[in-house]
Amino acid sequence: KTLRLFAVDGEENPKVASYHFKRFPILGAAFTPTGDQVLMTSTTSQIWGLDVSSGEPFEVRSIASDKSALRCLAKGPSP
């Protein structure tokens with residue numbers, strides 16, 4: 001339910017921010033190829049995103065034809 005972002009420097013790796021999503025247990029999360037957004041999946045077909053620079057969450061329109069869970073994300077190169 002909570003997404004935590006860290007600044008990975010190889011030594012201290014301080015936490016930068018935490019974002020809580022009510023009733024949305026996060027199963028998978030991945031940065032977009034540009035690195036400016038994080039996409040998250042849950043136990044339903046719902047997908048949420050987070051704009052990293054503003055900290056604003058957004059709901060992604062469902063891409064599943066049924067209500068089955070999307071359990072993982074795979075990213076490819078930017079077009």
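## Briefing: Trp48, the aromatic cluster and Thr32

Trp48 is partly exposed, with a relative accessible area of 22%. That value falls between the 20% limit for buried and the 50% limit for exposed, so Trp48 belongs to neither of those classes. The model is a predicted one. Its protein has 79 residues, and 20% of them count as buried. Two sites are covered below: a cluster of rings that includes Trp48, and the loop residue Thr32.

**Overall build**

- The protein contains 6 strands and 0 helices.
- Along the sequence the pattern reads β-β-β-β-β-β.
- Take the contacts with a separation of 6 or more: residues 24 or more positions apart account for 27% of them.
- About 5700 Å² of the protein is exposed. Carbon and sulfur atoms supply 53% of that area.

**Aromatic pairs**

- How many aromatic pairs does the structure hold? There are 2.
- One is formed by Phe21 and Phe24. The centres are 6.2 Å apart, the planes make an angle of 55 degrees, and the pair is tilted.
- Phe21 and Phe24 are both buried.
- Phe21 also pairs with Trp48. This pair is tilted too, at 6.1 Å centre to centre and 55 degrees between the planes.
- The pair of Phe21 and Trp48 links distant parts of the chain, with the two positions 27 residues apart. Phe21 sits in the loop between strand E2 (15-20) and E3, while Trp48 lies in strand E5 (residues 47-51).
- Together, ring pairs join Phe21, Phe24 and Trp48 into a cluster.

**Burial within the cluster**

- Is Phe21 buried or exposed? Phe21 has a relative accessible area of 6%, which is under 20%, so Phe21 counts as buried.
- Trp48, at 22%, is partly exposed. The Phe21–Trp48 pair therefore joins a buried residue to a partly exposed one.

**Thr32**

- Where is Thr32 found? Thr32 is in the loop between strand E3 (28-31) and strand E4 (37-41).
- Thr32 is buried, because its relative accessible area of 15% is under the 20% limit.
- The side chains of Thr32 and Asp36 are joined by a polar contact of 3.3 Å.
- Setting aside neighbours within four places in sequence, Thr32 is in contact with Gln37 and Leu39.

Conventions. Residues numbered from 1 in each chain as written. Predicted model: local features only at pLDDT ≥ 70, side-chain atom pairs only at ≥ 80, totals over all residues. Heavy atoms only, no water. Helix = DSSP H or I, 4+ residues; strand = E, 2+ residues; numbered from the N terminus. Buried < 20%, exposed > 50% of the residue type's maximum accessible area, 1.4 Å probe, protein only. Polar contact = N/O pair within 3.5 Å; in protein donor to acceptor, adjacent residues only side chain to side chain. Contact = heavy atoms within 4.5 Å. Areas by Shrake-Rupley, 256 points an atom, 1.4 Å probe, with all protein chains shown as cover. Phe/Tyr/Trp six-rings, centres within 6.5 Å; stacked < 30°, edge-to-face > 60°.
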